Amino acid sequence: MATVGQVITCKAAVAYEPNKPLVIEDVQVAPPQAGEVRIKVLFTALCRTDAYTWSGKDPEGLFPCILGHEAAGIVESVGEDVTEVQSGDHVIPCYQAECRECKFYKSGKTNLWGKVRMATGAGVMMNDRKSRFSINGKPIFHFMGTSTFSQYTVVHDVSVAKIDPQAPLEKVCLLGCGVPTGLGAVWNTAKVEPGAIVAIFGLGTVCLAVAEGAKSAGALRIIGVDIDSKKFDLVLSALEMSPS
């Protein structure tokens, strides 16, 4: 690609201050350094966590920043020592990195791995503790190591998952957060067993995934609780179930 090794100027939604409207800006996205991947973001979703940080209530919230962490796209270029993905691969950025090195990963008890956490929590990349985003030379912080409200983003190579190129990117972008959060709550935390009765409070994206996970786990009955009656038909349709 002609852009490999070059700074890319693209559009991004920049959060300059808490509770202020995002501003569509021309941002400069630097090439990936060693162990980094630059992605062309094709689809991104909005998560409650984005809104939480934007609200100013997030103690790790940094401004100005580029929010977004549920996305899917195509690898534009990779830095040195990146071996698991290459240009043209379809990928999902992952805010929880799979480092395969730290004590948390090796424990087998958690996915809160620590290799790049200190950098992503500070809104920078691990290599040089700097951002790959800027506007006219002024750095813009990364968010959750993903920053998908940008047409291009740079992530650590341990924060990207290669997917089947036939997978619909407009749907699998939700695998970046909402869907695995719901499925993990069923399979790993609650450990729902066949014949169980499952109650779900609030029928948003995460809880739709909880319902799907409970169904796949063999739950005998799934009870949905929500103040918005329109959501019930959506859940029943998505799960191909009938009310009882």
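## Helix crossings, a pocket and a cavity

Helix H6 passes helix H7 in a right-handed crossing. Keep in mind as you look around that the model is predicted.

To find these two helices, look for residues 205–216, which form H6, and residues 230–239, which form H7. Their axes come within 10 Å and cross at roughly 40°. That angle makes H6 oblique to H7. Which residues make the contact? On the H6 side they are Leu-208, Ala-211, Glu-212 and Lys-215, and on the H7 side Val-235, Ala-238 and Leu-239. Sorted by class, this contact has five nonpolar and two charged residues, with no polar ones.

Now turn to the other side of the story for H6, its meeting with H5. Helix H5 covers residues 178–190. The axes of H5 and H6 come within 7 Å and cross at roughly 45°. H5 and H6 are therefore oblique to each other, and their crossing is right-handed. From H5, the residues in this contact are Gly-178, Val-179, Thr-181, Gly-182, Leu-183, Ala-185, Val-186 and Trp-187. They meet Thr-205, Val-206, Ala-209, Val-210, Gly-213, Ala-214 and Ser-216 in H6. Here the classes come out as nine nonpolar and six polar residues, with no charged ones.

H5 is also a good guide to the next feature, the largest pocket. How many residues does H5 give to the lining of this pocket? It gives eight, the most of any contributor. Strand S9, at residues 160–162, supplies at least two residues of the lining as well. The pocket has a volume of about 940 Å³, and 32 residues line it. If you want to find its centre, look for Cys-94, Gln-96, Glu-98, Asn-111 and Trp-113, the lining residues that lie nearest to it. The whole lining divides into 18 nonpolar, eight polar and six charged residues.

Two of those names come up again in our last stop, a cavity. The count comes to one cavity of 30 Å³ or more, and the largest cavity has a volume of about 30 Å³. Gln-96 and Trp-113 help to line this cavity, and they are also among the residues nearest the centre of the largest pocket. The rest of the cavity lining is made up of Tyr-95, Ala-97, Val-116, Arg-117 and Thr-120. By class, the cavity lining has four nonpolar residues, two polar ones and one charged one.

Conventions. Residues are numbered from 1 along each chain as its sequence is written. This is a predicted model: local features need pLDDT of at least 70, side-chain atom pairs count only at pLDDT 80 or more; totals for chains, interfaces and linings use all residues. Side-chain values use heavy atoms; hydrogens and water are left out. Axes are lines fitted to C-alpha atoms, for helices over the stretch in contact, and angles run from 0 to 180 degrees between N-to-C directions. Helices (H or I, at least four residues) and strands (E, at least two) are DSSP runs, numbered from the N terminus. Angles under 35 degrees count as roughly parallel, over 145 as roughly antiparallel, 65 to 115 as roughly perpendicular and the rest as oblique. A crossing is left-handed if the near helix is turned anticlockwise from the far one by less than a right angle, and right-handed if clockwise. Contact means heavy atoms within 4.5 Å. Ala, Val, Leu, Ile, Met, Phe, Trp, Tyr, Cys and Pro count as nonpolar, Asp, Glu, Lys and Arg as charged, and the others, Gly among them, as polar. On a 1 Å grid over the protein atoms alone, a cavity is a set of points where a 1.4 Å probe fits but cannot get out, and a pocket is an open set with protein on both sides within 12 Å along at least five of seven lines; lining residues have an atom within 4 Å of a point. Grid points are joined across faces, edges and corners, and a volume is the space filled by probe spheres set on the points.
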